[in-house]
Amino acid sequence: MKWRKIGLVLFLAIALVLIGVWAKGYYSKKVFYVEGVKYSKVVESGSGVIEYRASFGRGEPLYVHSYDEEKRVEMGGEQYEIRPNDPKTGHSTSYDVLYPDGKKYRVELFGEREFISYDEQGEMVIPGMRFTDSAGQIHRSDPQEPRYYPSELAKASNEQFHDPNGSVGFFLLALGLGIMNWCFFRYEPFQRFMFHMSPSNLLIDNPEPSDFYFFMCKVGGIFGMGFSLWIFFSHAL
């Protein structure tokens with residue numbers, strides 16, 4: 001029995017270390033989205049070219065070429081130029097996005113990392129409906145809409161506008177809730193401890209939990225673990 005407890009403690013310690021290593025690598029990344037696909041940096045060459053790829057082979061590779069006063073986003077064999085409107089300041093709040101077919105859009109910074117797009121007539125550009133067919137091809141409700149949204153290209157071109165890869169706060173919350181509810185489901189000593197810590201039981205001499213209490217601990221533990229998984233997949237990733 002003693003060796004079994006030692007093995008369980010070692011297993012939990014190793015699991016926590018592996019989770020910590022994964023979390024450090026995962027949440028240290030910066031990401032952005034193009035056509036609903038999440039991209040992160042994989043290679044940065046010393047010649048001003050950064051390669052980004054999506055997970056699980058989705059989407060096409062994306063390359064960002066940096067020059068003195070502009071950046072170029074290369075995707076699908078085509079290049080899109082992103083030029084700051086006030087390059088001398090070192091931090092522009094407005095950019096021109098030039099497409100291979102000659103169309104030009106203006107994007108303006110909205111908040112810290114988001115953009116609003118305008119066409120050459122100064123009208124705001126809002127992306128239309130997009131859907132994916134069985135072959136994985138993306139189709140647009142408006143055939144005149146550019147393949148890649150101007151705001152997405154501007155965001156992809158500069159790492160300072162990339163987003164955190166999920167929320168480490170929600171990850172820690174999901175992990176803590178998962179561990180606590182597993183203990184509620186699995187360990188009677190923990191169930192008894194929480195029973196005696198209840199304020200309503202502190203005023204009673206020698207209170208004892210009922211079988212119904214232990215049953216509800218297991219039921220609550222199952223639902224609690226499900227809730228922690230929902231937090232993890234919905235908010236932490």
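**Asking how the labels are earned**

Visitor: Why is Ser157 counted as buried?

Guide: Ser157 has 6% relative accessibility, and buried means under 20% relative accessible area, with exposed over 50% and partly exposed in between, using a 1.4 Å probe and protein chains only; therefore Ser157 counts as buried. Do keep in mind that this is a predicted model, where local features need pLDDT of at least 70, side-chain atom pairs count only at pLDDT 80 or more, and totals for chains, interfaces and linings use all residues. Residues are numbered from 1 along each chain as its sequence is written, and side-chain values use heavy atoms, leaving out hydrogens and water.

Visitor: Which residues does Ser157 touch?

Guide: Leaving aside residues up to four places away in sequence, Ser157 touches Val64, Lys71, Val73 and Ile82, where contact means heavy atoms within 4.5 Å.

Visitor: What makes the link from the side chain of Ser157 to the backbone oxygen of Ala154 a polar contact?

Guide: That side chain reaches the backbone oxygen at 2.7 Å, and a polar contact is a pair of N or O atoms within 3.5 Å, one able to donate a hydrogen and the other to accept it within protein; residues adjacent in sequence count only if both atoms are side-chain atoms.

Visitor: How do you know that β1 and β2 pair?

Guide: Strands pair if DSSP finds at least two bridges between them, and β1 (residues 30-34) and β2 (residues 37-44) have four, in the antiparallel sense. Strands here are DSSP runs (E, at least two residues), numbered from the N terminus. Within this pair, Val31 has Ser40 in β2 as its bridge partner.
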